[in-house]
Amino acid sequence: MAETISFPAETPSGQRTVEVVYERLGGGDPLVLLHGIGHHLQVWDPVVGILAAERDVICVDLPGFGLSPALPEGVTYDLRGVIPVLRALFDALGLERPHVAGNSLGGLIALQLGREKLVRTVTALSPGGFWTEAERRYAFGVLLAMRHGALRLPEHTVSRLARTSVGRAALVSPIYARPGRRSPDAVVAETRAMREATGFEATLAAGRTGLFTQDVPDVPVTIAWGSSDRVLLPRQGLRAKQAIPAARLVRLPGCGHVPMNDDPALVARVILDATR
């Protein structure tokens, strides 16, 4: 069941009170899961049960996404603004250097958390920040198209489309290699999350200068990339490996940009192996 926590955070613009929605289940070492832009914590549902058998799993709606309110006025949606908020969230939840896994935007954030020694291990699934300028424009174009579609399609149209495999493909095939496996209810919910994401534009704007070019020393890093990723092309994984030489680079055969639904068992195994 989702819970809301309110806590003070020391941000670059001063102390601010932030509100975050999260779900927590399981037991063992803590593992924080971070979603991508325009998504919500439920994107991890296919793997949470497997992970919670061995870990204390905390799924987070990032500020401005899912049910979490926007960041307070004056706090930016770049890494400089978001990392202090997550540091304060860890403190508020009693998490001392948890493991972290993130997808896309969440993967980029996870890597920065690792670089600042705020986490024990990092698992980044198709993380942002390793693109060329042409690849960034392409990826942002795909995301903007999904955002515009979510804004323009009435809820009843989305519900009708989601009831068929062809309709689900039309709605979410850019991010899933196997969109037919996503349940109709999940597709409706994540289309709604994309439509209502108050932090979308500010996060996308921040990403225009969001290259990740520095190493993550002294923290074990696993980078995993879907072989069928249509948003951030798989060759970007090689650049990630060049930037973080000690990272373990894993290929996810047949998986798209959001691999948790395409192959839950494989993704869960990669995350659990990385946190052992």
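**Conventions for all views.** Helices (H or I, at least four residues) and strands (E, at least two) are DSSP runs, numbered from the N terminus. The model is predicted, with local features requiring pLDDT of at least 70 and side-chain atom pairs pLDDT 80 or more, while totals for chains, interfaces and linings use all residues. Residues are numbered from 1 along each chain as its sequence is written, and side-chain values use heavy atoms, leaving out hydrogens and water.

**View 1. Asp-218, a residue other than glycine with positive phi.** Asp-218 is found in the loop between H8 and E7. Its phi is near 70°, a positive value. Most residues other than glycine have a negative phi. With a relative accessible area of 71%, Asp-218 is classed as exposed (over 50%; buried is under 20%, partly exposed in between; 1.4 Å probe, protein chains only).

**View 2. Ser-126, a buried residue with positive phi.** Ser-126 sits in the loop between E6 and H4. Phi is near 45° here, again positive in a residue other than glycine. The relative accessibility of Ser-126 is 1%, which places Ser-126 in the buried class.

**View 3. The tilted pair of Phe-130 and Phe-212.** This is one of 2 aromatic pairs in the structure (rings of Phe, Tyr and Trp, the last by its six-membered ring, with centres within 6.5 Å; planes under 30 degrees apart are stacked, over 60 edge-to-face, the rest tilted). The ring centres of Phe-130 and Phe-212 are 5.9 Å apart, and their planes make an angle of 55°, giving a tilted pair. The two residues come from distant parts of the chain, 82 residues apart. Phe-130 belongs to the loop between strand E6 (122–125) and helix H4 (133–152), and Phe-212 to the loop between helix H8 (200–207) and strand E7 (221–226). Both rings belong to buried residues: Phe-130 has a relative accessibility of 4%, and Phe-212 has 6%.

**View 4. Trp-131, Phe-140 and the charge of Arg-136.** Trp-131 and Phe-140 make an edge-to-face pair, with 5.6 Å between centres and 85° between planes. Trp-131 is buried at 12% relative accessible area, and Phe-140 is buried at 7%. Arg-136 is placed over the face of Phe-140, 4.8 Å from the ring centre (the rule takes NZ of Lys or CZ of Arg within 6 Å of the centre and within 35 degrees of the ring normal). Arg-136 is itself buried, at 7% relative accessibility.

**View 5. Arg-136 and Glu-133 in helix H4.** A salt bridge joins the side chains of Arg-136 and Glu-133, with 2.6 Å from N to O. In total, 13 salt bridges are counted (a side-chain nitrogen of Lys or Arg within 4 Å of a carboxyl oxygen of Asp or Glu). The partners are 3 residues apart in H4, so about one helical turn separates them. Whereas Arg-136 is buried, Glu-133 is partly exposed at 38% relative accessibility.

**View 6. The Asp-29 to Arg-120 salt bridge.** The N to O distance between these side chains is 3.6 Å. Asp-29 is in strand E3 (residues 29–34) and Arg-120 is in the loop between helix H3 (105–115) and E6, so the bridge connects parts 91 residues apart in sequence. Partly exposed is the class of Asp-29, at 33%, and of Arg-120, at 32%.

**View 7. The network of Glu-54, Asp-273 and Arg-276.** Salt bridges link these three residues in a network. Within this network, the closest N and O atoms of Arg-276 and Glu-54 are 3.0 Å apart. That pair spans 222 residues: Arg-276 lies in the segment after helix H11 (264–275), and Glu-54 in the loop between helix H1 (45–52) and strand E4 (55–61). Arg-276 is exposed, at 59% relative accessible area, while Glu-54 is partly exposed, at 32%.

**View 8. The surroundings of Ser-68.** Ser-68 is located in the loop between E4 and helix H2 (79–92). Its relative accessible area is 4%, so Ser-68 counts as buried. The Ser-68 side chain comes to 2.6 Å from the backbone oxygen of Asp-61. Leaving aside residues up to four places away in sequence, Ser-68 touches Glu-19, Val-20, Val-21, Asp-61, Leu-62 and Pro-63 (contact means heavy atoms within 4.5 Å).

How values were computed: A polar contact is a pair of N or O atoms within 3.5 Å; within protein, one must be able to donate a hydrogen and the other to accept it, and residues adjacent in sequence count only if both atoms are side-chain atoms.
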